[in-house]
Amino acid sequence: MKNVNPRSIVKKEDIALDNIIVHVQYKKIKNLYLKVDVNTCEVKVSAPYTISKKRLNEFLLDRREWINTTRQRVIDKQHKNNNFDKLGSEEEKKLREYLKFEIKNYIIKYEKLMGVKSTGFTIRKMKTRWGSCNIRTHHLNFNLALARVPRECVEYVVVHELTHLIEPSHNKNFWNLMEHYLPGAKNLRKRLNEYSAI
Ligand SMILES: [Zn+2]
């Protein structure tokens, strides 16, 4: 192996860790290296090509917490840098289309499940809220900034606004209904609150 570049890649593989994809490069190296790309938020691992699956899994599980908090930090930083006012119209259009599609699908799913009916929805740049619901007209509004939060948090906001069609106030009944239709709603709410609505 004299003439082989010790760092050359032998094999590449993508591994799922919870809902995160880990890009693994097997190289002729001795140690394991882990990093989160500050631009793409991708999780990258360089591993010795001789490593066992078990050892690699243990390595990733041990660092699961670090991976999650680091990714969160990268995402937060990107959010801060991505002020919506500075968005080009083309980029904003794309975000709107993506969000419209996501919201529409969740509305279809949960209207059926919850036995409620909305009359339509609008995506707007909102200053302080993720969404709102007109309980008289059943029209829903969603913040464009939802285009930049995890999908399950978008799902949370959709279910939240649809729940208002059954229960207008944020009382115990409201939160019980939320938890019933979307188990884990409380945690999703916490996750959503880590993002800025502006
Ligand atoms: Zn509400």
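Which residue in S2 is the bridge partner of Asp-14? That would be His-23, and we'll come back to the sheet around this pair after a look at the whole chain.

**The overall picture**

This is a predicted model, in which local features need pLDDT of at least 70 and side-chain atom pairs count only at pLDDT 80 or more, while totals for chains, interfaces and linings use all residues. Residues are numbered from 1 along each chain as its sequence is written.

The protein chain has six helices and seven strands. Here helices (H or I, at least four residues) and strands (E, at least two) are DSSP runs, numbered from the N terminus. Walk along the sequence and you meet β-β-β-β-α-α-α-β-β-β-α-α-α. With a radius of gyration of 21 Å, well over the 16 Å that the globule rule gives for 198 residues, the protein chain is more spread out than a compact globule. That radius is taken over C-alpha atoms, and the globule rule is 2.2 Å times the number of residues to the power 0.38. The C-alpha trace spans about 75 × 40 × 25 Å along its principal axes.

The domain assignment splits the chain into domain 1 (9–81) and domain 2 (84–192); such bounds come from an automatic or database domain assignment. The centres of the two domains, taken over C-alpha atoms, are 32 Å apart.

As for burial, 18% of the 198 residues count as buried. A residue is buried if 20 or more other C-beta atoms lie within 10 Å of its own, exposed if 12 or fewer, and partly exposed in between, with C-beta atoms placed from the backbone.

**The four-stranded sheet**

Back to Asp-14 and His-23, which are bridge partners. Strands S1 and S2 (residues 20–27) run antiparallel and are joined by eight bridges. Two strands pair if DSSP finds at least two bridges between them. The open sheet here has four strands in the order S1-S2-S4-S3, with mixed pairing. Strand S1 (9–17) and strand S3 (33–36) stand at the edges with a single partner strand each, so one side of each is left without a neighbour in the sheet. On average, neighbouring strands of this sheet are turned by 20° against each other, direction ignored. Axes are lines fitted to C-alpha atoms, for helices over the stretch in contact, and angles run from 0 to 180 degrees between N-to-C directions.

Ile-51 sits in the loop between strand S4 (43–48) and helix H1 (53–62). Because it has 15 C-beta neighbours inside 10 Å, Ile-51 counts as partly exposed. Ile-51 and Leu-32 are 19 residues apart in sequence and 9.2 Å apart in space, C-alpha to C-alpha.

**The three-stranded sheet**

Another open sheet has three strands in the order S5-S7-S6, again with mixed pairing. Its edge strands are S5 (120–124) and S6 (131–134), each pairing on one side only. The twist averages 15° from one strand to the next. Here is how the strands are joined:

| Strands | Bridges | Direction |
|---|---|---|
| S5 and S7 (residues 139–143) | five bridges | parallel |
| S6 and S7 | four bridges | antiparallel |

Leu-140 in S7 is a handy landmark: Phe-121 has it as bridge partner, and Cys-133 stands opposite Leu-140 too. Gly-120, meanwhile, is partnered with His-139.

S6 and S7 form a hairpin with four residues between them. In that turn, His-138 has a positive phi near 65°. Most residues other than glycine have a negative phi. His-138 counts as partly exposed, because 17 C-beta neighbours lie inside 10 Å.

**Helices and core**

Two helices lie across this sheet. Helix H3 (residues 89–114) crosses S5 and S7, running at about 150° to S5, while helix H4 (residues 151–163) lies across S6 and S7 at about 20° to S6.

The largest nonpolar core has 23 residues, and Leu-146, Val-154, Val-157, Val-158 and Val-159 touch the most other members. H3, S7 and H4 each supply at least two residues of this core, and the largest share, seven residues, comes from H4. Such a core is a set of buried Ala, Val, Leu, Ile, Met, Phe, Trp, Tyr and Cys residues joined through C-beta atoms within 7 Å.

Leaving out residues up to four places away in sequence, Val-158 touches Ile-103, Tyr-106, Ile-107 and Tyr-110. Contact means that C-beta atoms, placed from the backbone, lie within 7 Å.

Conventions: Contact = placed C-beta atoms within 7 Å.
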